[in-house]
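User: Please take a close look at one part of this structure and give a connected account of it. I should like the residues and their surroundings described together.

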Amino acid sequence: MAASNYTLCFAVVMMLSTIISSMSQTEQKEGVRIETVFAPSPGCYGVNYGDFYIGVENMTLADGTVLTTSYMPRTDVVKKGWYLGKRAKGIDIGLQGACKGEIRNLTIPPHLMFGIEKDTFSFKVTVPANSTIFYQAEILDIVPESEKSYLEDFLHADLNGDFLVDVKEIDRVLTNERGLRHMLSSALGMDNIAELAVQWFDSLGGRCS
């Protein structure tokens, strides 16, 4: 039954991809065939190397064998986060420049994915040597590399890893930080912290350099 549901879920995803393909734009980039579904608005920010992006994905072999997918049966769609430039070269090439809300279908040649010389065991599936990979991704959000500090704060607060921070998570983070502050205050005391600062300043001969 589970296998049947999985097949149905995958079939729905593929059917939707086929329906919207007539509205897509196609290009070749460094050997990767890129089909852009619902072209982004002019002037939108496209993900670049070093940026963090959140999305959903679906990866298959030519025969339809699913390697990994965000569309699992009887569960919510699984969102994931990656840094562009840290994945397989074919994926990085194909997704560079994609904007928030954009969907891309990639056809990735073997040498930019799992290789051409030997079979690879990946995602609990044996990927035959010289396999072309079909990959679809929807970009849900992008954090530019220049905003990395904000990203780290967000990921720190996202306790359940769903890339959404709710009131309960915010309250828990603040509670943890209050506890840490109390622990440090109890161990050192504010007076002692001030004394340590004065000693450090004196050790420099009264110079802050």
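My interest is in strand β9 (residues 133-143). Which strands pair with β9, and in what sense? Please then follow the description outward to the core, the disulfide and the loops.

Analyst: The model is a predicted one, and the account below should be read accordingly.

The pairing of β9 is the natural starting point. Strand β9, residues 133-143, pairs with β3 in the antiparallel sense, and this pairing runs over 10 bridges. Within it, E57 stands opposite A137 of β9. Strand β9 also pairs with β6, again in the antiparallel sense, here over 6 bridges. In this second pairing, N105 has Q136 of β9 as its bridge partner.

N105 deserves a closer description. This residue belongs to strand β6. Its relative accessible area is 13%, which is under the 20% limit, so N105 counts as buried. The link between N105 and Q136 extends to the side chains, which make a polar contact at 2.9 Å. Leaving aside residues up to four places away in sequence, N105 touches R33, I34, E35, V37, Y135 and Q136. Among these contacts, Y135 and Q136 fall within the residue range of β9, 133-143, while R33, I34, E35 and V37 fall within that of β2, 32-37.

The nonpolar core comes next. The largest such core has 25 residues, and Y53 and I108 are the members that touch the most other members. At least two residues of this core come from each of β2, β3, α2, β6, β8 and β9. The largest share, 5 residues, is supplied by β9. Both of the strands that were described above as pairing with β9, namely β3 and β6, are thus also contributors to the core. The surroundings of I108 can be given in detail: not counting residues up to four places away in sequence, I108 touches V32, G90, I91, M113, S131, T132, I133 and Y135. Y135 therefore appears in the contacts of both N105 and I108.

The side of β3 leads to another buried residue. S70 lies in the loop between β4 (66-69) and β5 (80-83). With a relative accessibility of 0%, S70 counts as buried. A polar atom of the S70 side chain lies 2.9 Å from the backbone oxygen of V78. Beyond residues up to four places away in sequence, S70 touches V56, E57, D76, V77 and V78. One of these, E57, is the residue that stands opposite A137 in β9.

The structure also holds 1 disulfide. It is formed by C44 and C99, whose sulfur atoms are 1.9 Å apart. The torsion about their S-S bond is about 70 degrees, so the disulfide is right-handed. The pair links distant parts of the chain, 55 residues apart: C44 lies in the loop between β2 (32-37) and β3 (52-61), and C99 in the loop between α2 (89-95) and β6 (103-108). The two cysteines have unlike surroundings in terms of accessibility. C44 is partly exposed at 31%, whereas C99, at 3%, is buried.

Lastly, there are the loops on either side of β8. Most residues other than glycine have a negative phi. Against that background, two residues in the loop between β7 (120-122) and β8 (125-127) may be noted. F123 is not a glycine, yet has a positive phi of about 55 degrees. K124, likewise a residue other than glycine, has a positive phi near 65 degrees. F123 is partly exposed, with a relative accessible area of 38%, whereas K124 is exposed at 77%.

In the loop between β8 and β9 lies P128. Its relative accessibility is 38%, and P128 therefore counts as partly exposed. P128 touches L61 and D119, residues up to four places away in sequence not being counted. The C-alpha atoms of P128 and I116 are separated by 8.6 Å, and these two residues are 12 residues apart along the chain.

In summary, β9 pairs with β3 and with β6, and β9 supplies the largest share of the largest nonpolar core.

Key
Residues are numbered from 1 along each chain as its sequence is written. This is a predicted model: local features need pLDDT of at least 70, side-chain atom pairs count only at pLDDT 80 or more; totals for chains, interfaces and linings use all residues. Side-chain values use heavy atoms; hydrogens and water are left out. A disulfide is a pair of cysteine sulfur atoms within 2.5 Å. Helices (H or I, at least four residues) and strands (E, at least two) are DSSP runs, numbered from the N terminus. Buried means under 20% relative accessible area, exposed over 50%, partly exposed in between (1.4 Å probe, protein chains only). Two strands pair if DSSP finds at least two bridges between them. Contact means heavy atoms within 4.5 Å. A polar contact is a pair of N or O atoms within 3.5 Å; within protein, one must be able to donate a hydrogen and the other to accept it, and residues adjacent in sequence count only if both atoms are side-chain atoms. A nonpolar core is a set of buried Ala, Val, Leu, Ile, Met, Phe, Trp, Tyr and Cys residues joined through side-chain atoms within 4.5 Å.
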